[in-house]
Amino acid sequence: MMFLKIALYLILAPLIGGLLSGIDRKISARFQGRQGPPLLQPFYDLFKLFEKQALVVNGVQDFFVGGYFVFILFTGCLFFVGGDLLLVCFALTLAEVFLMMAACSANSPYSAMGSQRELLQMMAYEPMLLLTAIGFYIATGSFMVDDIAKSSVSPIAYLPGMFFGFLYILTIKFRKSPFDISTSHHAHQEMVKGITTELSGNILALVELAVWYEDVLLLGIVGLFIVNMQWWSFLIAAVVCLFAYILETFVDNLFPRVKWNSMLKSTWLVTLIAGGVNLLILTLVH
């Protein structure tokens, strides 16, 4: 059963992630008064990148990108087989460190700037990510995803503040405006592809594929707030995940990018109020 779950994640996650990316482009195009590319355009772009030769800056960069991809896969597999949620958070952070080191190894001012901003983003969202894992433990008595999913009551009943806080940091994790300070897909930003500036060809394709895997993992954590022992809760969780992604796309198109210090202040404020207060109340109740 475990190997079946791993196989399903490895096969279905990039398909779902690519479709979500296509939906993102369609919605963004409508906001800008354009028709937009076909829904499957992200897959066409990915296949084209895999066919192109990568201009290798150095061998170390390829190693770090490979480490980023492997740890993203490991993190997703660990989550969807029902593993330790706290370990999932730590492994996800390690994957981001690999990507940041790949950018630093390129000796490029743009990728170096992107990696520095990536570090700031990690400082912004990590407290809320860890609080979310702790909140799940206090609410359900376990860090294991499988045990949390089998709760008699959906965890969101105990963790509404955590849910809001996690949606807030998803804007950073999905690299959406106003928090797309390390890399952006919007041409009007002052730095478009900072952290991936020196990546090209199949190496860049590997990063894009890893992003799709990561997006599905993050939406899986959103769904974990909703699911319980009832089978129909999984259907509701899927709808909530889709709504959350579309909401992030709306936010991406409606808000301009902010400075790094505004991102840190607002994220830590949300973490303290939404996450901290929820955790305090939950501790007192339990």
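Axes here are lines fitted to C-alpha atoms, for helices over the stretch in contact, and the angles between them run from 0 to 180 degrees between N-to-C directions. In this predicted model, that description applies to helix H5 (residues 109-140) and helix H7 (residues 160-173), whose axes come within 10 Å and cross at roughly 150 degrees. The crossing in which H5 passes H7 is left-handed. On the H5 side the contact is made by Gln121, Ala124, Tyr125, Met128, Leu129, Leu131, Thr132 and Gly135, and on the H7 side by Met162, Gly165, Phe166, Ile169, Ile172 and Lys173. Sorted by character, the residues of this contact comprise nine that are nonpolar, four that are polar and one that is charged.

A second helix pair belongs to the beginning of the chain, where the axes of helix H1 (residues 2-31) and helix H2 (residues 41-51) come within 7 Å and cross at roughly 115 degrees. Here Pro14, Leu15, Gly18, Leu19, Ser21, Gly22 and Arg25 of H1 meet Gln41, Pro42, Phe43 and Asp45 of H2. The residues of this contact of H1 with H2 divide into five nonpolar, four polar and two charged.

The UniProt record, an unreviewed entry, places the feature "transmembrane region" at several spans, among them residues 68-101 and 232-255. Over residues 68-101 the chain is 88% helix and 0% strand, and the end C-alpha atoms lie 10 Å apart. Residues 232-255, by comparison, are 96% helix and 0% strand, with their end C-alpha atoms 35 Å apart.

Helix H4 (residues 85-104) can be checked against its expected length: because each residue contributes 1.5 Å, its 20 residues should span 28 Å, and the 29 Å between its end C-alpha atoms agrees with this. The N-terminal end of H4 is capped by Asp84, which has a side-chain oxygen 2.8 Å from the backbone nitrogen of Leu86.

The loop between H7 and helix H8 (201-224) holds Pro178, and the peptide bond that leads from Ser177 to Pro178 is cis, with omega near 15 degrees. Arg175 also has its place in the loop between H7 and H8, and the phi of Arg175 is near 60 degrees, a positive value in a residue other than glycine.

Conventions: Residues are numbered from 1 along each chain as its sequence is written. This is a predicted model: local features need pLDDT of at least 70, side-chain atom pairs count only at pLDDT 80 or more; totals for chains, interfaces and linings use all residues. Side-chain values use heavy atoms; hydrogens and water are left out. Helices (H or I, at least four residues) and strands (E, at least two) are DSSP runs, numbered from the N terminus. A crossing is left-handed if the near helix is turned anticlockwise from the far one by less than a right angle, and right-handed if clockwise. Contact means heavy atoms within 4.5 Å. Ala, Val, Leu, Ile, Met, Phe, Trp, Tyr, Cys and Pro count as nonpolar, Asp, Glu, Lys and Arg as charged, and the others, Gly among them, as polar. UniProt positions are given in the numbering used here, feature names are shortened, and annotations may be inferred rather than shown by experiment. The expected span of a helix is 1.5 Å times one less than its number of residues. A polar contact is a pair of N or O atoms within 3.5 Å; within protein, one must be able to donate a hydrogen and the other to accept it, and residues adjacent in sequence count only if both atoms are side-chain atoms.
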